[in-house]
Amino acid sequence: MKFIGRKNELKKLAKVIGKNEMNFSLIYGRRRVGKSELVKQAIRNSNIKSIYYECKQVAQGSNVRGLSDVLSETLSLPMLGYKDIESLLKYIFELSKEEKMILVLDEYPYLRESVKGMDSILQSLIDSYRDSSKLTLIILGSYVEVMKSLLEHANPLYGRVDLTIDLKPMDYYESSLFYPEYSCEDKVRIYAVFGGIPYYNRLIDDTVSVKENLIELIASTGARLENEVSMYLNAEISKIVNANEVFETLARGFSRYSDILSQSHVSSGPTMVDVLDKLIRMEVVEKTAPINDSNNKKKTGYHISDNLSLFYYRYIFRYSSQLKIMDLDVFYNKYIEQDFEEYYVPHQFETICRQYLIRMNKAGLMDPVIEKIGKYYYDNPTTRTNGEFDVVTEDEKGYVFYEVKFRKNPISDAIVNEEIAQVKATGLECYRYVFISRSGFKGKPGENVSFISLDELYQEI
């Protein structure tokens, strides 16, 4: 399958790889986000001699033997007899004095775990060969906390990294390139479940229905991704019970800290704080605050940011007993279909629309340029109620309100007027109102009212 997306990251890697001098890159990001494939593609584009080694959770000797075998095979060398990683790496640095080379150490935290002082070993080699070597050294890792620690002032590698890439999931548009045969509506539905993780998106078959893909990949016993979420969490979290409690509570729609604590069975506040902090560092949960009151802790919300985890905990984990004993179509129709179409996907569509606005903003197509985007918290003095508008932007002129609808019926003038009246009743002063609709519009845009169709979201910029 051809490589999809990541143009900016490939451009950055091409720039450092193309330099005929020693340089050091560090790439990290959650599992399955595509770090290895990104680097492999950059290597393919370069045509430079490269040694690619995936570190193992084994003793130093086994990793030395593994890297030696890759080196011998790649460079057509006889069997190497090195016993420690420092000597072997020094040999590679020496080779690169005469010829431009790339060395990739994938899953570096495993090597670091088995070799005492591994960071110091790299630091010493980088410093010693900085002016004489032509090696491009790239280290990758899925343990985000460990990889970030390499950039801290106290770490020996501090100040040695020439390029850092924190690889994030793809946005909705790049993800849609994996399933081009789907309609725009179905692209929204698929992204709502599988998000921007390339590994998941490569599994999607766009010649069959969304429902068939969901059953085949996650909503069936023995499905390809049935245990994906639980395995990922178990690999990084010791007390999975607390994480399950938090995820299940978030998946049911509770977002305020006090609600999460009361609705889950997590034993105490400090424990809850630890669990949420860990999940945020793993980049599967995000903490958000309204753009008009960002420092108010009471208005801060927590949300599952990983789409597959959200789907899993809302439907699969919650109804796992039923899944094991029911016909798959019956299970889907009873526990997923209606909620998925009427609540889950429309909610995720808001995220897609925010990503669309960010894409347009980065491309220089928003005038004025957006400075803030997010939720807007309001108090309605007339009805004595409060709440949030889900998509609001702020720029030098003020606020722009976005109403996002993933419904079967088009947006009419009556709906437009009603929404604007509701916004004004809260005291939010907007200079423009934008409506984004799955099913188009019956009315016409006005002086301060704009319409965006679903098709526009999937047009190449």
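**Overall form, a kinked helix and internal cavities**

In this predicted model, the chain of 461 residues has a radius of gyration of 25 Å, which agrees with the value near 23 Å that a compact globule of this length would have. Along the principal axes, the C-alpha atoms occupy a box of roughly 80 × 55 × 50 Å. Buried residues make up 51% of the 461 in the chain. As for secondary structure, the chain contains 21 helices and 12 strands.

One helix invites a closer look. Helix α19 runs over residues 337–362, 26 residues in total. From the first C-alpha to the last, α19 reaches 36 Å, close to the 38 Å expected at 1.5 Å a residue. The path of α19 nevertheless includes a kink of about 35° at Y344, and the proline P346 comes shortly after that position. Beyond the end of the helix, α19 is followed by G364, a residue with a positive phi, near 75°.

The interior can be described as well. Three cavities of 30 Å³ or more are found in the structure, and the largest cavity holds about 60 Å³ of space. Its lining draws on several parts of the sequence: F3, I4 and R6, then G34, E37 and L38, and further along M170, F178, P198 and R202. Sorted by class, the residues lining the largest cavity comprise six nonpolar, three charged and one polar.

Terms used:
Residues numbered from 1 in each chain as written. Predicted model: local features only at pLDDT ≥ 70, side-chain atom pairs only at ≥ 80, totals over all residues. Heavy atoms only, no water. 1 Å grid on protein atoms, 1.4 Å probe; cavity = no way out; pocket = protein on both sides within 12 Å on 5 of 7 lines; lining within 4 Å. Points joined across faces, edges and corners; volume = space filled by probe spheres on them. Nonpolar A, V, L, I, M, F, W, Y, C, P; charged D, E, K, R; others polar. Helix = DSSP H or I, 4+ residues; strand = E, 2+ residues; numbered from the N terminus. Expected span 1.5 Å × (residues − 1). Bend = angle between axes of the 7 residues up to and from the residue. Rg over C-alpha atoms; globule rule 2.2 N^0.38 Å. Buried < 20%, exposed > 50% of the residue type's maximum accessible area, 1.4 Å probe, protein only.
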